[in-house]
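Let's take a walk through this protein together. Have the sequence and the 3D view at hand as you read.

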Amino acid sequence: MTRTLFEKLWEIHEVALFDNGESLIRIDRVFLHERTGSIALQGLEEKGRSVANPKHVFCTMDHIVDTKPGRSDSTQMPSGKDFITATRNSARRADIELFDLDSQFQGIVHVISPELGIALPGSTVVCPDSHTCTLGGIGALAWGIGSSEAEHAMATNTLRVKKPKTLRVNFEGALAPSVTAKDMILHLISCFGSDGGAGCACEFAGPAVRELSIEERMTLCNMAVEFSAFTGLVAVDEKTIEYSSNRKFSPKAHLIAAAIDHWRSLKSDENAVFDNEITICCNDIKPTVTWGTSPQHALSIDAFIPSPLHIENAETKESWSRALDYMDLMPETPITSIKIDCAFIGSCTNSRIGDLRKAAAFLRGKKVSPWVKAVCVPGSTQVKKEAEKEGLDEVFTAAGFEWRESGCSMCFYAGGETFGPNKRVISTTNRNFEGRQGPGTRTHLASPLTVVASACSGYICSAEN
Ligand code: SF4
């Protein structure tokens, strides 16, 4: 019988099937961060339980931490320091590995997890954070959970989960040079809606996906949750194997050959049947940006802001009107005439070394517009060091970008970092909800290339202009 990649991963990890249709799934790795991780660790302690296998549980400081150079435990949010201290103390008591502020391996959880080989092809990884699906880019079965599930996973190495349906998204054709994985996923969500993959394990496949680097595949899978998918996945190939071998925690010596043999089997069988399939022609995708307050409010760069007047569905009409109001935009405005105040490169979507290289290649010899505040936050301390070794930091700062320490920063207001109310930001992040980047901040999601091009122009534009 043929099986999809997801079905293979599920089968390998299924410990038991209950009468109510839920499965007990073996969890290989739990990754925590200081915002919700400290709550989960304290919850375990209060119940008198311990971490079953401390070697398989990791924690980082990313969500709340300050990203300004010379940072300390203090953050822009007064309560931030308490979360950081509590996490540090709980991690020490639980005897789990913590990538603290002074660690060379610190960074955003979904960036460092594959970077360090904690997430590996075929492994199950959970984290109390929605964008854990990022790890599907290396063929890991990974999904976001709540704090109490994290407690359960740490105490038992298992979780009860209802098996999701399967969906394959086939990206046919080829991408134009200024079109990236970020544009692919925004385009998909704009075509099928932010609930288009509701509850599904969504495999991204097709020639355009095979051409993507591993980091770009992670960008694609990162936003699977914005498509309401249970998770995103990409089949393992030789690029994945090269990426995941020789990482800090990847199998060593005699174990690596067996691991690679196993990794090579992690793809859907040729005639595997999915519950649903979607096909997208990549030749049609242009640089894509959001205009509203949902990732599905996305349009090609050469489009115009839509008008709710033409919408019949009352709920959509109301949500578009509210989005236009929050974003302070008028219908029929060309996207490229929107003036920006700020530009942000960072987050677990687009802050890896490949993103920074692409952005720096565009920025070399150029200047950020005088009215734009531009910030670049590398996804991990290792990414930052690599970028500095290549001189990319100098390209960013010479162009007028701030160059920061690693963390979630202005992806999310949890740490209090923000561009401020009413500021219009072109951003490589993954969410554009009201207040996501701070109260009143207006977010336009885009690729790193579109962000740097817009930062230089002062108006939203693509790197082709
Ligand atoms: S970068 Fe943003 S989306 Fe990613 S883990 Fe941090 S807060 Fe969540």
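A good place to begin is the ligand: its surrounding shell takes at least three residues from domain 1 (10–162) and at least three from domain 3 (289–457). There are 13 residues around the ligand, and those that come nearest are Ser-347, Cys-348, Cys-408, Cys-411 and Phe-412. By character, this shell is made up of six nonpolar, five polar and two charged residues. Please keep in mind that you are looking at a predicted model.

Now step back to the overall layout. Besides the two domains that you have just met, the protein chain has domain 2, which covers residues 166–284. Between the C-alpha centres of domain 1 and domain 2 the distance is 22 Å. Where these two domains meet, 20 residues of domain 1 are in contact with 26 residues of domain 2. On the domain 1 side, helix 4 (109–115) and strand 7 (141–144) each provide at least two of the touching residues, and strand 7 gives the most, with four. That side holds 10 nonpolar and 10 polar residues, with no charged ones.

Finally, consider the chain as a whole. It contains 15 helices and 19 strands, and its C-alpha atoms fill a box of roughly 55 × 50 × 45 Å along the principal axes. What radius of gyration would a compact globule of 465 residues have? It would be near 23 Å, so the 21 Å of the protein chain agrees with a compact globule. Of the 465 residues, 55% count as buried. Among contacts with a separation of 6 or more, 75% link residues 24 or more positions apart.

Definitions and conventions: Residues are numbered from 1 along each chain as its sequence is written. This is a predicted model: local features need pLDDT of at least 70, side-chain atom pairs count only at pLDDT 80 or more; totals for chains, interfaces and linings use all residues. The radius of gyration is taken over C-alpha atoms; the globule rule is 2.2 Å times the number of residues to the power 0.38. A residue is buried if 20 or more other C-beta atoms lie within 10 Å of its own, exposed if 12 or fewer, and partly exposed in between; C-beta atoms are placed from the backbone. Two residues are in contact if their C-beta atoms, placed from the backbone, lie within 7 Å. A residue is near a molecule or strand if its C-beta atom, placed from the backbone, lies within 6 Å of it. Ala, Val, Leu, Ile, Met, Phe, Trp, Tyr, Cys and Pro count as nonpolar, Asp, Glu, Lys and Arg as charged, and the others, Gly among them, as polar. Domain bounds come from an automatic or database domain assignment.
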